[in-house]
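Here are some short exercises to work through with the model open beside you. Take your time with each task before reading its solution.

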Amino acid sequence: MTTTIEKPQVLSLEDFLTQPETKPASEYFNGKITQKPMPKGKHSVLQVELASAINQQAKPNKLAYALTELRCTFAGRSIVPDIAVIRWENLPRDEDGEISDRFNRHPDWVIEILSQDQPMTLVMEKILFCLQQGTELGWLIDPQTKSITIFQSSSLPKIYLAANNEMEPLTMLAGLDEYHLSVQDIFTWLKV
């Protein structure tokens with residue numbers, strides 16, 4: 001008797017992109033699909049407040065646009081950062097001059113907010129992957145430890161802890177340098 005073992009089929013990126021979107025979003029890498037965790041209260045507040053704060057500073061001068069849950073497909077991977085900040089000149093536009101539904105490049109600044117049941121190493125890997133592809137800045141916000149880790153390709157990660165009452169301005173995307181946010185400012189948004 002002969003037994004045949006079928007190899008699991010690996011889904012191509014093109015096939016993945018034709019599938020219906022999931023809630024929460026699914027991401028694609030190396031033929032594997034992973035679904036992001038469902039955001040909870042702290043995650044949602046930080047995501048909305050931070051995107052809004054960035055847009056208040058960046059949009060009026062057409063410097064950048066902070067977009068939540070934007071699917072970014074590049075370098076054989078399709079990710080959905082919690083916040084993708086895109087420089088104005090890099091915003092995808094359709095033939096009508098409106099923002100395009102497809103974004104086929106890396107974000108200029110990627111921001112991830114860690115969920116309780118999300119492995120930190122996988123989120124860090126996603127940020128590092130983005131940096132390798134040309135992303136300028138990455139933030140990993142951890143609501144549990146009230147910390148923000150800042151990643152740049154030119155330096156080692158730097159960790160800011162709210163418990164240390166740090167008021168030092170966090171590193172922002174070049175061009176937004178005059179806008180100051182501290183780790184304290186960000187975690188104050190959780191008080192309602």
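The exercises below concern a predicted model, and they go from the whole chain to single pairs of side chains.

**Exercise 1. Describe the overall build of the protein chain.**

Step 1: Start with the secondary structure. The protein chain has 4 helices and 10 strands, and their order along the sequence is α-β-β-α-β-β-β-β-β-α-β-β-β-α.

Step 2: Check the compactness. The radius of gyration is 18 Å, close to the 16 Å from the globule rule for 192 residues, so the protein chain is as compact as a globular protein of that length. The C-alpha trace spans about 70 × 45 × 35 Å along its principal axes.

Step 3: Look at burial and contacts. Of the 192 residues, 45% count as buried. Among contacts with a separation of 6 or more, 50% are between residues 24 or more positions apart.

**Exercise 2. Find out which parts of the chain the salt bridge between E21 and R71 links, and whether each partner is buried or exposed.**

Step 1: Locate the pair. The side chains of E21 and R71 form a salt bridge with N and O 2.8 Å apart. E21 sits in the loop between α1 (13-18) and β1 (26-29), while R71 sits in the loop between β3 (64-68) and β4 (72-74); these distant parts of the chain are 50 residues apart.

Step 2: Apply the cut-offs, where buried means under 20% relative accessible area and exposed means over 50%. E21, at 55%, is therefore exposed, and R71, at 15%, is therefore buried.

**Exercise 3. Work out what the salt bridge between K126 and E112 ties together.**

Step 1: Take the distance. The closest N and O atoms of K126 and E112 are 3.0 Å apart.

Step 2: Place the partners. K126 belongs to helix α3 (residues 120-133) and E112 to strand β7 (residues 109-113), so the salt bridge ties together parts 14 residues apart in sequence.

Step 3: Check the surroundings. K126 counts as buried at 4% relative accessibility, and E112 is buried at 1%.

Step 4: Widen the view. Through shared partners, salt bridges join E27, K36, E69, D82, E112 and K126 into one network.

**Exercise 4. Classify the accessibility of D108 and R105.**

Step 1: Confirm the pairing. D108 and R105 form a salt bridge, their closest N and O atoms being 3.3 Å apart.

Step 2: Read the accessibility. D108 has a relative accessible area of 2% and is buried; R105, at 25%, counts as partly exposed.

Step 3: Put the pair in context. The structure has 10 salt bridges.

Note on methods
Residues numbered from 1 in each chain as written. Predicted model: local features only at pLDDT ≥ 70, side-chain atom pairs only at ≥ 80, totals over all residues. Heavy atoms only, no water. Salt bridge = Lys/Arg side-chain N within 4 Å of Asp/Glu carboxyl O. Helix = DSSP H or I, 4+ residues; strand = E, 2+ residues; numbered from the N terminus. Buried < 20%, exposed > 50% of the residue type's maximum accessible area, 1.4 Å probe, protein only. Rg over C-alpha atoms; globule rule 2.2 N^0.38 Å. Contact = heavy atoms within 4.5 Å.
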